[in-house]
Amino acid sequence: MISPDAPSHSQPLVDWLFLDLNSYFASVEQQLNPALRGRPVAVVPVDSDTTCAIAASHEAKKYGIKTGTNIGEARRRCPHLITVMAGHDRYVEFHHDIIKEVERHFPVHQICSIDEMACKLDAPRRPLEVATALAKRIKQGLREHIGECITCSIGLAPNRFLAKVASDMQKPDGLVALLQEDLPGRLLDLELRDLCGIGRRMEPRLHACGIRTMADLWAADRETLHRAWGGVGGDRFWHGLHGGITEDDVPPAHRTIGHSHVLAPEFRTPPAAGIVARRLLLKAASRLRRMEYRASHLHLSIRLEDGPRCEAQARFDEGSDSIALARVLADLWLRVMKQARWQRVKKVSVTLFGLVAEAWPRQLELFDLSGDSAPKQQRELLSRVMDDINQKYGRDSVVIGFTPDAVRTFSGTKIAFTRIPDREEFKE
Ligand SMILES: [Mg+2]
């Protein structure tokens with residue numbers, strides 16, 4: 001019997017949520033054109049039988065048609081196959097809407113490709129039950145707000161690598177958790193080639209090391225995988241497979257969190273633009289805390305109505321609390337507006353960088369003998385309480401300073417929408 005006082009650490013925990021959209025391009029086409037729903041659809045780059053499918057609907061997959069299948073061959077397997085010309089602008093547009101929807105539930109940590117994204121769960125969402133409920137809300141949100149054809153498979157696991165593996169284990173509309181304490185567990189049901197990182201060229205190299213099954217791979221030590229991969233790629237793979245932290249799980253040094261906004265004409269006066277800048281900063285700071293990072297740099301850039309850009313940046317003790325960050329911004333704002341001679345502002349961009357994971361030791365505090373560390377911790381706590389209230393009762397329920405209603409309206413959806421991922425992110 002489980003006692004109600006059972007310690008909370010007995011709850012299984014997960015750290016990552018990985019979301020993979022099912023048959024993404026084909027699903028978007030089915031969403032846009034109801035005549036395609038429930039039918040075998042292949043998305044093609046050109047209208048020709050010699051080309052290959054770049055995506056196949058669930059219905060087409062039942063005929064063995066998948067990405068890379070030659071269309072002539074696909075038609076032989078499924079004579080009533082419908083081909084649709086790819087519309088990448090449509091897929092990118094849905095991509096942004098999908099990220100926006102996922103971020104209504106939890107911040108996206110990494111956009112891995114146009115149809116894959118990863119969220120690093122924060123402490124309150126690590127318990128499996130909570131993470132599972134979050135995954136279900138995301139799925140439901142996509143169906144309700146993006147479209148009934150937009151389904152995804154979600155994996156929950158101790159690291160990003162295993163979360164991705166879990167997202168591949170059930171399709172379509174899957175939800176699979178791999179728990180550290182159950183490993184290797186369901187991993188043993190997979191083939192080597194099911195794992196990301198083991199392709200056509202890697203498989204024979206594993207065979208040469210005596211690894212033919214998942215059980216062999218699980219039992220292999222790190223040195224063996226190092227040899228099979230011919231380098232640190234093997235060590236990384238070994239750590240990933242065994243649920244350890246890999247470099248995918250920590251932010252690269254260049255990672256930034258930023259928001260920018262083109263101001264409507266009525267917000268272009270310096271005071272109104274200043275409020276917008278602060279609102280953008282608070283949004284970025286909230287995201288920073290949810291991702292469990294601290295930042296050490298803030299960059300502010302503005303574009304004036306007649307074209308030129310002015311910018312400034314500041315370095316400060318690593319932190320994540322809104323009040324300290326707002327003070328840094330206030331200082332930068334004065335510097336930038338002096339450069340700009342207080343002219344009208346067309347665009348504001350605020351970027352936090354020099355990010356470190358919160359779990360890492362904070363070096364400065366070791367030397368902080370001023371007795372000021374308690375207030376600092378209280379401020380971080382206050383910021384978190386504000387995040388919780390805003391999460392529960394809606395954006396801007398609590399803010400620092402003054403956010404007039406008129407300014408409030410811009411600071412939600414539009415900004416998320418304009419935060420376009422880097423081109424590189426699509427290729428990762
Ligand atoms: Mg996919």
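Trainee: Let's start with Arg-76: buried or exposed?

Mentor: This is a predicted model, in which local features need pLDDT of at least 70, side-chain atom pairs count only at pLDDT 80 or more, and totals for chains, interfaces and linings use all residues. Residues are numbered from 1 along each chain as its sequence is written, while side-chain values use heavy atoms and leave out hydrogens and water. Buried means under 20% relative accessible area, exposed over 50%, and partly exposed in between (1.4 Å probe, protein chains only). With a relative accessible area of 62%, Arg-76 is exposed.

Trainee: Which residue does Arg-76 meet in a salt bridge?

Mentor: A salt bridge puts a side-chain nitrogen of Lys or Arg within 4 Å of a carboxyl oxygen of Asp or Glu. Here the N to O distance is 3.3 Å. The two residues are three apart in helix 3 (residues 71–77), about one helical turn; helices (H or I, at least four residues) and strands (E, at least two) are DSSP runs, numbered from the N terminus. The partner of Arg-76 is Glu-73.

Trainee: How many residues apart in sequence are the parts tied together by Arg-126 and Asp-15?

Mentor: These two form a salt bridge, with their closest N and O atoms 2.9 Å apart. Arg-126 lies in the loop between strand 6 and helix 5, and Asp-15 in the segment before strand 1, so the parts they tie together are separated in sequence by 111 residues.

Trainee: What are the protein donors of the magnesium ion?

Mentor: Donors are N, O and S atoms within 2.8 Å of the metal (3.2 Å for Na, K and Ca); water is not among the atoms, so sites may look incomplete. Those of this ion lie 2.2 to 2.4 Å from it, and they follow the spacing D-L-x93-D along the chain. They are Asp-20 (OD), Leu-21 (O) and Asp-115 (OD).

Trainee: Which strands stand at the edges of the open sheet of five strands?

Mentor: The order is 5-6-1-7-8, with mixed pairing; two strands pair if DSSP finds at least two bridges between them. Each edge strand has a single partner, so one side of each is left without a neighbour in the sheet. The edges are strand 5 and strand 8.

Trainee: Which residue in strand 8 does Ile-154 stand opposite?

Mentor: Strand 7 (residues 152–157) runs parallel to strand 8, and three bridges join them. Opposite Ile-154 stands Leu-175.
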